[in-house]
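Okay, thanks for squeezing me in. Let me put the thing on the screen, and then I'll talk you through a few spots in it.

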Amino acid sequence: MKTLLAIAALTVVSASAFGGVELKYRGDYLSTPRYTTRAVGTDEAARSEFRGNYAKLNANGKVGAAEAKVALNLLGYTAAGALSAGSFVDYLYISQPIADGMTFHAGKIETFLGGIEGAQDTLGNVYLNSLANCGYAGYYANAGVVRATTGGAAFSGGTGACLNTATNAHGVGFTYNYGMGQLDVIATNDSNNTAAQGAAAANPAQIKHNVGVQWSGSFMDGMIKPAIGYAKGSADAAGANSINYDNEHINAGFDMMWNEWGFTLEHLSNANTEKGTGVGAEDKDKVTSTYLAASFKMDAWKPFAKYEMSKLSDEEAGASAAATSFDRTGMSLGVEWTPRAGEAMSYHVAYLNTMDKYGTTVANSVGDVTFVQYVAGMRFSADLLK
C-alpha cells in the first residue's frame with residue numbers, strides 16, 4: 001500500500017515538477033525443461049511461469065539549470081517479499097552543469113559498472129546476461145549447491161561471481177563531454193544487503209567504497225561507439241568473520257550500427273579478493289565474460305543472436321582453484337516484432353542455452369550442466385502524463 005501511494009504521489013507531483021513520467025514494462029512467459037544440477041542425483045524440475053522481468057517508472061525534471069532524475073524499480077522486492085529503499089529506488093540524483101561540457105552529479109547515481117550489457121539490462125533489453133552480470137543459468141557450488149537469482153541479484157551465498165550488484169550507489173560523479181567522446185568519473189559508497197562478496201553466512205552487510213572512470217566515444221557519425229571503464233573498490237566486514245575485500249571491475253567493448261545491422265562486442269572482468277580470519281579467509285574470486293551480440297532490422301521484425309564465453313575462478317586458501325571453478329558458454333536466438341511503426345509496444349520470442357563445464361576434480365560433479373529456457377513476451381513504454 002505504501003508503495004502504491006508513493007507511486008501515485010510521484011505521478012501527481014511530476015505533472016508540475018517533471019517534464020514527463022514514463023512507465024516501462026517487460027513481461028515474459030518462461031518455460032524451463034528439467035535439467036541435472038551439479039549435485040549427483042539431483043535434478044531441477046521443469047517449470048513454466050509468467051514473470052514480470054522489468055517494470056520501471058522514470059521521471060526527469062528541471063531544478064533551475066540543474067536536472068533531477070529518478071527511476072523506481074517496481075519489481076525490486078527483497079527475498080522476504082518486501083520493498084527496501086535500496087531495491088525500490090534505482091537512482092535518484094541531480095545533475096548540475098558547472099562548466100562548458102562538464103556536469104556534476106550527486107545522489108544515488110547511475111554507474112557504468114556492468115558495461116554496455118549492464119546499461120542495456122537496466123532498460124530491459126537483455127535476454128541472456130553474461131555471467132559477469134549475474135547471468136541466470138545453471139548451478140555452481142561453494143559449500144553446497146547454490147542457485148543464481150534473477151533480476152541482477154547476487155548469487156545466494158557462493159563465490160563472488162556477481163560483483164556489480166550493490167543495492168545502493170550513493171556518491172558523486174563528473175561527466176565531461178567534448179564532442180567525439182565523454183569521460184565519466186564516479187566515487188560511490190555502495191551498500192550490499194547480502195553477503196554477496198563472501199560465502200560465509202556470518203558475514204554481515206558490507207559498505208563498499210568504489211572509485212572509477214569510463215571513457216565513451218562516438219566515431220563515424222555515431223556508427224561506432226566504444227566504451228572502456230575501470231573501477232576499484234574495497235569493503236570491510238566485522239562480525240563472526242573479520243574480512244576485508246578488494247574489488248576490481250573492468251569493461252571494454254563497443255556498439256556498432258551499420259545500415260540495418262547492429263553489433264556489440266564486449267569483455268567484462270570482476271575480481272574480488274578476501275583477506276581476513278575465519279571461514280572464507282584468503283579467498284580470491286574472478287569472473288570474466290566475453291560476448292558478441294548481433295541484430296538485423298527488417299521493417300517490423302528484428303532477429304537477434306548472442307554468444308557468450310565466461311569463466312569463474314575461485315581460489316580458496318590452500319585449495320585448488322578447480323574446487324569450485326567452471327567455464328560457461330551461452331547463446332540466445334530470438335526475434336522481436338513491432339506491429340506498428342512508431343509505437344512503443346513490441347513482442348518477442350527467444351531461445352536461451354548455457355552450458356557450465358566443471359573440472360573432474362570437483363566433488364559430486366556431474367560434468368557439464370546444460371540450462372535451456374524458452375521465452376515469449378511483450379514490452380511497452382507509456383507516458384503517464386499524456
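Quick bit of vocabulary before anything else: Ala, Val, Leu, Ile, Met, Phe, Trp, Tyr, Cys and Pro count as nonpolar, Asp, Glu, Lys and Arg as charged, and the others, Gly among them, as polar. Also, this is a predicted model, so local features need pLDDT of at least 70 and side-chain atom pairs count only at pLDDT 80 or more, while totals for chains, interfaces and linings use all residues. Residues are numbered from 1 along each chain as its sequence is written, and side-chain values use heavy atoms, with hydrogens and water left out.

Right, the second largest pocket. A pocket here is worked out on a 1 Å grid over the protein atoms alone: it's an open set of points where a 1.4 Å probe fits, with protein on both sides within 12 Å along at least five of seven lines, and lining residues have an atom within 4 Å of a point. Points are joined across faces, edges and corners, and the volume is the space filled by probe spheres set on them. This one holds about 1,100 Å³. It has 44 lining residues, and Q120, N125, S295, K302 and E336 are the closest to its centre. By class, that lining splits into 22 nonpolar, 10 polar and 12 charged residues.

Next up, T175. You'll find T175 in strand β10, residues 168–177; strands are DSSP runs of E, at least two residues, numbered from the N terminus. Buried or exposed, T175? Buried, with a relative accessible area of 9%. The cut-offs are under 20% for buried, over 50% for exposed and partly exposed in between, using a 1.4 Å probe and protein chains only.

What does the T175 side chain touch? There's a polar contact with the side chain of H105 at 2.8 Å, and another with the side chain of D184 at 2.6 Å. A polar contact means N or O atoms within 3.5 Å; within protein, one must be able to donate a hydrogen and the other to accept it, and residues adjacent in sequence count only if both atoms are side-chain atoms. Leaving aside neighbours within four places in sequence, the contacts of T175 (heavy atoms within 4.5 Å) include G101, M102, T103, Q182 and L183.

On to charges. Side chains of opposite charge can pair when their charged atoms come close. A salt bridge here is a side-chain nitrogen of Lys or Arg within 4 Å of a carboxyl oxygen of Asp or Glu, and the whole structure has 10. In one of them, D28 meets R26 at 2.9 Å, N to O, and both residues are buried. Another joins R328 and D356 at 2.6 Å. That pair links distant parts of the chain, with R328 in β18 (326–337) and D356 in β19 (345–358), 28 residues apart. R328 counts as buried because its relative accessibility is 2%, and D356 is buried too, at 0%.

Last stop, backbone. Most residues other than glycine have a negative phi. D221, though not a glycine, has a positive phi of about 55 degrees. D221 sits in the loop between β12 (206–217) and β13 (224–237), and is exposed at 87% relative accessibility. N259 also has a positive phi of about 55 degrees without being a glycine; that residue is in the loop between β14 (243–258) and β15 (261–276), and is exposed at 61%.

Key. Helices (H or I, at least four residues) and strands (E, at least two) are DSSP runs, numbered from the N terminus.
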